[in-house]
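Colleague: I have the sequence and the coordinates open side by side. Could we go through them with a few questions?

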2 protein chains.
Amino acid sequence: MVKEHLPLEEVWQLLRARWTGRRLPVERIPLQQAHGALLAEDIVSPINVPHYPASAVDGYAVLSSSTSMATAATPAILDEGQYQWVNTGSFVPPDFDSVAMVEDTSLKDGNLYVYVSLSPGANLRPVGEDIVKGQIVAHFGDAVDPNLMALFYAIGMRELPVLSRPKVVFIPTGDEIVPRGHVEDPSYLPPGKVMESNSVMLECLFEKWKTPLFIGPHVKDDLKSLREALLKAAEEYDLVLIGAGSAKGKRDFTAEAIEHEGELLFHWVLMKPGRPALLGAVKDKPVVGMPGFPMSTMVVAWSVVYPLVELLMKGNLNEEKFLDDAMGTKEKLKASLLMSHTSPQGISEWLRVRAVQLGSKRYVWPLSGGSSSMRATAEADGFVLLSSKTYECPKGKELEVRLVRDVPWESRALFQGSDDPAVAKLVSYVRRRGADLIIRSVGSLGGLAALARGEAHLSAAHLLDPETGFYNDSYIASFKPMSDRWKRFLLFYRQQGFIVKKGNPKEIKSIEDLARTDVRIVNRQPGAGTRVLLDSMLKDHGIDASLIKGYDDQTVTHLDASCRVAWGLADVALGIKSAADALDLDFIPITEEPYEFVIPEDELRHPGIAALLDAISDEEFREEVDRMGGYRWP
Amino acid sequence: MVKEHLPLEEVWQLLRARWTGRRLPVERIPLQQAHGALLAEDIVSPINVPHYPASAVDGYAVLSSSTSMATAATPAILDEGQYQWVNTGSFVPPDFDSVAMVEDTSLKDGNLYVYVSLSPGANLRPVGEDIVKGQIVAHFGDAVDPNLMALFYAIGMRELPVLSRPKVVFIPTGDEIVPRGHVEDPSYLPPGKVMESNSVMLECLFEKWKTPLFIGPHVKDDLKSLREALLKAAEEYDLVLIGAGSAKGKRDFTAEAIEHEGELLFHWVLMKPGRPALLGAVKDKPVVGMPGFPMSTMVVAWSVVYPLVELLMKGNLNEEKFLDDAMGTKEKLKASLLMSHTSPQGISEWLRVRAVQLGSKRYVWPLSGGSSSMRATAEADGFVLLSSKTYECPKGKELEVRLVRDVPWESRALFQGSDDPAVAKLVSYVRRRGADLIIRSVGSLGGLAALARGEAHLSAAHLLDPETGFYNDSYIASFKPMSDRWKRFLLFYRQQGFIVKKGNPKEIKSIEDLARTDVRIVNRQPGAGTRVLLDSMLKDHGIDASLIKGYDDQTVTHLDASCRVAWGLADVALGIKSAADALDLDFIPITEEPYEFVIPEDELRHPGIAALLDAISDEEFREEVDRMGGYRWP
């Protein structure tokens, strides 16, 4: 019976029930390949270490009885033949039973003066002191680490019995897929074709798991081909992964192929993303159908594939730990949500989060973007697995976070404010100074509000007050009394203007042109300085915003807005020159505005802020910004 | 000026002062080699992702305007030509602006019924939705992880600018050293010769650091050869490590060689072990002299070599984090000392520790064995770096522990009690059941006392009461009232007897023979059941212990005692048959004794104890014990 729509916990139960106690046969591998392997048997030393009585110091081997009662004032005086120089680690011949440290002796006219009384065995490492022949030096299940490697080498183990890791194959499928190696430059891909990149991610993941992964030949969306590939894979490998094709679309054949060749065990997991995951067994080998979006592939790798790898290797599954092993968790902690989140009910949800410390408290926020977003997945510091019972997560709620990157808690500053591509370049300069900076583009007003709520270390704004004609003053004043302790740093002046297609085909030159019926704009989100500027200009010219086509189409960055123009979704966007240049668009300057950092006084000592304030006068940074164009230094 | 006897903190200061800001030139490496590297520049996407308007679902591409006002009751009805089937990820041609999910449609007679009203862009991923051309997708300093690898592949990056890792060489030195590959079987080594195993440990450590390590040819203890090797290495590598020869023995030439060819920066570090460490610069390349004992080599690798690797790679040193990176810390925690420890004053000390949870509290205890002990280093769960200000550490003191292995806190049981080689084999059987067991041989009486103090999950004893002739009863009674809740489990009966050289050359047959002047015994520690047995037999026969040669020579395990006999340090030991067999010695049976586990009632639910109690009736275990000989099942 195929189980459908399983909670994650039942998936693990099913895996355990079927694969516990069924580990692969033990392998014997050469020592030099054993680093990181798990021992499949106890290791018993075939020799003593040391294998001879060894001096523990540089000095003279003597008979302890010949030094009896010796002191600094009344040394024992030994004739030649009664002592012998030994280095640390040297053999102490059976004629001697102890070693006098060189510091405790002096040599005069061939006589050795010993200034201490030695007991039998003093400064001497007896045979087998470290390891006795026959002793168990490592146990079943021990991971072979650098120290065990050296020890095994020293005792002469040249082959080790280890737990076998399954041989795994990943079969990419899909007509839309361009297999690896077929196209080197994705800028030549036709619409509808995508690079097969999941196998790149999986290869690295398996490298971290120290488990071999083979990439099978690409299979088209065709039941017959898939059945053949599946059957062959199940013969040759211990575990088969099939990329994409696990949902219920017209081209999804994985479930059907498994049912033909073996047994389908479950289909659909109550988690997001990764819901279309499925598991079967063909020739008694587990087969996992992995949904094709990058984030889906990854969470299914963590939560379904890795448990199988561990079961096949160890014969049991450590439920407390396997997810951390799968994900390579670097730090597990409780952290508070920086913004509220609504999770689907009855479904476990994987959140991609970034992390920051504000004051002494640690926060995370979820990254937006669906399971298709590679950027959000690559940007994440870590992940949160929300249980199926979680629904509303208010701001401040404590979550269990698994960080997969080192988060420099003390030195990471969080910027929330106005988007600017030159500011994005600062991250690199802050990092070179040993600190870190995260940029969240939430608009000028959003940034100031975040600052007022204590949710950022710094902000930046370019907000024109149409009443006064001044920038930022009145907006900042509205956040009193908090803003009394805010410092302002003018970073640069930047040109705002119209971003239009190359050659300006619609001949857009002034603000009035935006109201033309043949012109469609793309706007920015409310609270963005650029939108405030647009609204102010419209008001100045007495233009009704509701008449402007595309006024409600929002983007949150200059680059995003430019991109809409580049792809013909809009004719014009108000924005900055560097965003137009990046996409090879034309730029019609309209005005110049000051762009200011706003930083609470208390944060000036923060290592991230200190690095940032140092970085903004870095010559290299300024040259880079100058090359972007559209900026003027104060 | 050479600085001498530096505190560890000053070592790090010196390294920072000299090597900050001097990172190696940036390298460009092929993408497929980049996993784990650190980016040396920001990476800007050359393409949009997706590069075409893509359907986010399986369904029909439509014009949103053609579905206006559609509901389940009043569907929009579209003619052929007004819709087109698209799979998830398919190209949505410019004629359409949205996609109706297949679930929200039905197809009848060539007409598409759409049961929802779609907005422009519904279920459609616009061009650049995930990544906009020109966007920074990864920053300077980012570690290239599986997700970034896939992203870079997808956007067409085939070469990446990364921070260069230094090329490092390790030169083993020493006349006593047998270079790797020269002798395969160490049991053929003559006295005074040892396998060069430090390079095995270092290779694995550098593998974890993802930094290339080359092993140079072995150099004899000779100044001229060392100077030549040093000069050549400094020309070819970024960082030179010299194994052994850093102390002040007759054969220690590292300091002198560096002074000849370059500059000696410091010698002697106030830490234990690793004190003879030294640092110089030859041709401006850092040269580290590493003391030769395994544990010394390792702590110098962590505390001197790794900081140099990081400085050469990154240009700065993250003091909060580098030790954890160097050691591969898996968990950092505060834990209490299970037994008191005295640390040398004025010197930082590295402790090798094992860890256990007792009740809800986490404990560690230091492993004995000098810096030469490979066993203690390999056995450690983790390490503690005691500051130079630490002196007396009373039992219960909280220490900062860096664990380098996964410690199964919940399922690890601590055994303290009587030594037995058959019990040592139980570890493996407990682990196969997903739990863990640590064995500390502290003798029967020591084990019961530990149990009474709550410092063990179980104990084992075979203590004969000479008054009553019964085992264990009176000893356990002496721990009332704690022992009222102790359960006893008879594991087996075992033979005690005389362990003597093959052929029993001294013809030792009865207890009286031990008092002979030509016989030397090796004893066990006070509180060991075997010693209690010996004392009881001596008393029975009216033999004065003080007349027995070697009575005061103590060992703490049966195997240890046997080993002394095997190597002629004693003629006889009282002990068990399996220990005699392990070393191919003869065994003269004297008596049979019960060997009992003692387990507090509350611990019976502990997963480690439950696994142990299950394991003792494992057929395979019993067969293994039977093969050892000298045991009888109850």
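**Exposure, backbone and charge**

Colleague: What is the relative accessible area of K210(A)?
Modeller: K210(A) is classed as partly exposed. That class lies between buried (under 20% relative accessible area) and exposed (over 50%), computed with a 1.4 Å probe and protein chains only. The value for K210(A) is 39%.

Colleague: What pLDDT do local features need in this model?
Modeller: Residues are numbered from 1 along each chain as its sequence is written, chains are lettered from A and ligands numbered from 1 in the order in which they are written, and side-chain values use heavy atoms, with hydrogens and water left out. The model is predicted: totals for chains, interfaces and linings use all residues, side-chain atom pairs count only at pLDDT 80 or more, and local features need pLDDT of at least 70.

Colleague: Where in chain A is K210(A), and between which elements?
Modeller: Helices (H or I, at least four residues) and strands (E, at least two) are DSSP runs, numbered from the N terminus. K210(A) has a positive phi of about 55° although it is not a glycine. Its place is the loop between α3 (198-208) and β17 (213-215).

Colleague: Which residues gather with K210(A) in a patch of positive charge?
Modeller: A patch is made of residues with over 30% relative accessible area and no salt bridge, with like charges joined within 9 Å and nonpolar side chains (Val, Leu, Ile, Met, Phe, Trp, Tyr) within 5 Å. Accessible areas come from the Shrake-Rupley method with a 1.4 Å probe, and for residues only the protein chains shown count as cover. Lys and Arg count as positive and Asp and Glu as negative, leaving out His and the chain ends, and a charge is placed at NZ of Lys, CZ of Arg, CG of Asp or CD of Glu. On the surface, K210(A) shares its patch with K208(A), K208(B) and K210(B).

Colleague: Is W268(A) buried or exposed?
Modeller: W268(A) lies in strand β19 (residues 263-269) of chain A. Its phi is positive, about 75°, although it is not a glycine. Most residues other than glycine have a negative phi. With a relative accessible area of 13%, W268(A) is buried.

Colleague: What is omega for the cis peptide bond that joins K272(B) and P273(B)?
Modeller: P273(B) sits in the loop between β20 (271-272) and β21 (278-282) of chain B. Most peptide bonds are trans. The bond joining K272(B) and P273(B) is cis, with omega about -5°.

Colleague: In which loop does P481(A) lie?
Modeller: P481(A) follows a cis peptide bond from K480(A), with omega near 0°. The loop that holds P481(A) is in chain A, between α12 (473-477) and β33 (486-500).

**Salt bridges**

Colleague: How many salt bridges does the structure hold over all chains?
Modeller: A salt bridge is a side-chain nitrogen of Lys or Arg within 4 Å of a carboxyl oxygen of Asp or Glu. Over all chains, the total is 102.

Colleague: Why does the pair of D142(A) and R431(B) join two chains?
Modeller: The two side chains meet in a salt bridge at 2.8 Å, N to O. D142(A) is in the loop between β12 (136-138) and α2 (146-155) of chain A and R431(B) is in helix α10 (residues 426-432) of chain B, so the pair joins two chains. Both residues are buried. The chains concerned are A and B.

Colleague: Which residues are linked with D142(A) in a network of salt bridges?
Modeller: R431(B), which meets D142(A) in a salt bridge, belongs to this network. The others linked with D142(A) are R354(B), D381(B), R412(B) and D436(B).

Colleague: How far apart in sequence are the parts that E203(B) and R180(B) tie together?
Modeller: The side chains of E203(B) and R180(B) meet in a salt bridge at 3.1 Å, N to O. E203(B) lies in helix α3 (residues 198-208) of chain B and R180(B) in the loop between β15 (177-178) and β16 (194-195), so the parts tied together are separated by 23 residues.

Colleague: Which helix holds both E228(B) and K224(B)?
Modeller: Their side chains meet in a salt bridge at 3.2 Å, N to O. E228(B) is partly exposed, at 48%, and K224(B) is exposed, at 59%. They are four residues apart, about one turn, in helix α4 (residues 223-236) of chain B.

**Distances**

Colleague: How far apart do the C-alpha centres of domain 3 and domain 5 of chain A lie?
Modeller: Domain bounds come from an automatic or database domain assignment. That assignment gives domain 3 as 54-125 and domain 5 as 426-632. Their C-alpha centres are separated by 81 Å.
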